[in-house]
Amino acid sequence: DIKSIKTANNDITKATVSGISTKAFTGKAITQNVTVKVGNTVLKNGTDYTVSYSNNKNVGTSNVYVYGKGNYSGSLSAKFDIVPAKQQIQKLETRFKGFFIDWAQKGSATGYEIEYSTNADFKDSTVKKLTANKPDTLTISGLTAGNKYYVRVRSYTNVGEKVYYGAWSDSKNITAAKYDITKSAISGISTKTYTGKNITQSVKVKYNGKTLKSGTDYTVSYSSN
């Protein structure tokens, strides 16, 4: 049987492609909101061209391909980066002249950067870079007691010789503690009789003769009680 085919008369390599940007890792295949234009004419996906991808799931550099269709022939390609997902600070606690931070563990991360500063805009900041065993907690010490510090964290992943950085977490602030509670005196703890319920104590904490306030200066927790 004789079949006919219409010859494409437009070269899609003369088109411009927009809508391609860096994306955050999701664990799923990443796509783009591609727009293809020839001059002022917006081409139609599926009619004038098709789009395909490669290496578009994991952190790294991905490829997007635009193939002419119908009245258009030829192809275009572009690249975009997939970076680690935005980090989250799960816990930020004061420590004597410092703070403790716990953030979300990212399985694909090579490591993390923790940045802190006395300025909300992170001017004159300090950055701690962690790689060994990818720990997801850090205690910072040696800071100025009573100062407020702004803290944020981000993941990074090494792919070959290139480093891909995720977005910084939303920043949180913490005031470095002025006093070390390990030097306090604790009283009010005594042997108790079994009741079948959790047993607590009337805890009193004193620092240099001053009685501290529960919930303001310290918290109390129990185990096996």
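Two strands count as paired when DSSP finds at least two bridges between them. With that idea in hand, the strands of this predicted model can be taken sheet by sheet, before turning to its largest pocket.

A good place to start is the pair formed by strand E7, residues 60-68, and strand E9, residues 75-83. These two strands run antiparallel and are joined by eight bridges. One of the residues to look for is Tyr65, whose bridge partner in E9 is Ser77. E7 and E9 also belong to a wider arrangement, an open sheet of four strands in the order E3-E9-E7-E6, with mixed pairing. At the edges of this sheet stand strand E3 (23-24) and strand E6 (49-54); each has a single partner strand, so one side of each lacks a neighbour in the sheet. As a reminder, strands of a sheet pair through backbone hydrogen bonds, and the pairing can be parallel or antiparallel.

A second open sheet is built from three strands in the order E18-E19-E20, and here the pairing is antiparallel. Its edge strands are E18 (185-187) and E20 (210-211), each of which pairs on one side only. Between E19 and E20, the antiparallel pairing extends over two bridges. Within this pairing, Tyr207 has Lys210 in E20 as its bridge partner.

Further strand pairing is found between strand E15 (residues 148-159) and strand E16 (residues 162-165), which run antiparallel and are joined by four bridges. Along this pair, Thr157 stands opposite Tyr164 in E16. The two strands form a hairpin, with two residues between them. In the turn of that hairpin, Gly160 is worth finding: Gly160 has a positive phi of about 65°.

The description now moves from strands to open space. The largest pocket has a volume of about 940 Å³ and is lined by 27 residues. Nearest the centre of this pocket lie Tyr179, Ile181, Asp217, Tyr218 and Thr219. Sorted by class, the lining comprises 13 nonpolar, eight polar and six charged residues.

Which strands each supply at least two residues of this lining? They are strand E10 (89-95) and strand E19 (204-207). E10 provides the largest share, namely three residues. E19 therefore appears in two parts of this account, as a member of the three-strand sheet and as a contributor to the lining of the largest pocket.

How values were computed: Residues numbered from 1 in each chain as written. Predicted model: local features only at pLDDT ≥ 70, side-chain atom pairs only at ≥ 80, totals over all residues. Heavy atoms only, no water. 1 Å grid on protein atoms, 1.4 Å probe; cavity = no way out; pocket = protein on both sides within 12 Å on 5 of 7 lines; lining within 4 Å. Points joined across faces, edges and corners; volume = space filled by probe spheres on them. Nonpolar A, V, L, I, M, F, W, Y, C, P; charged D, E, K, R; others polar.
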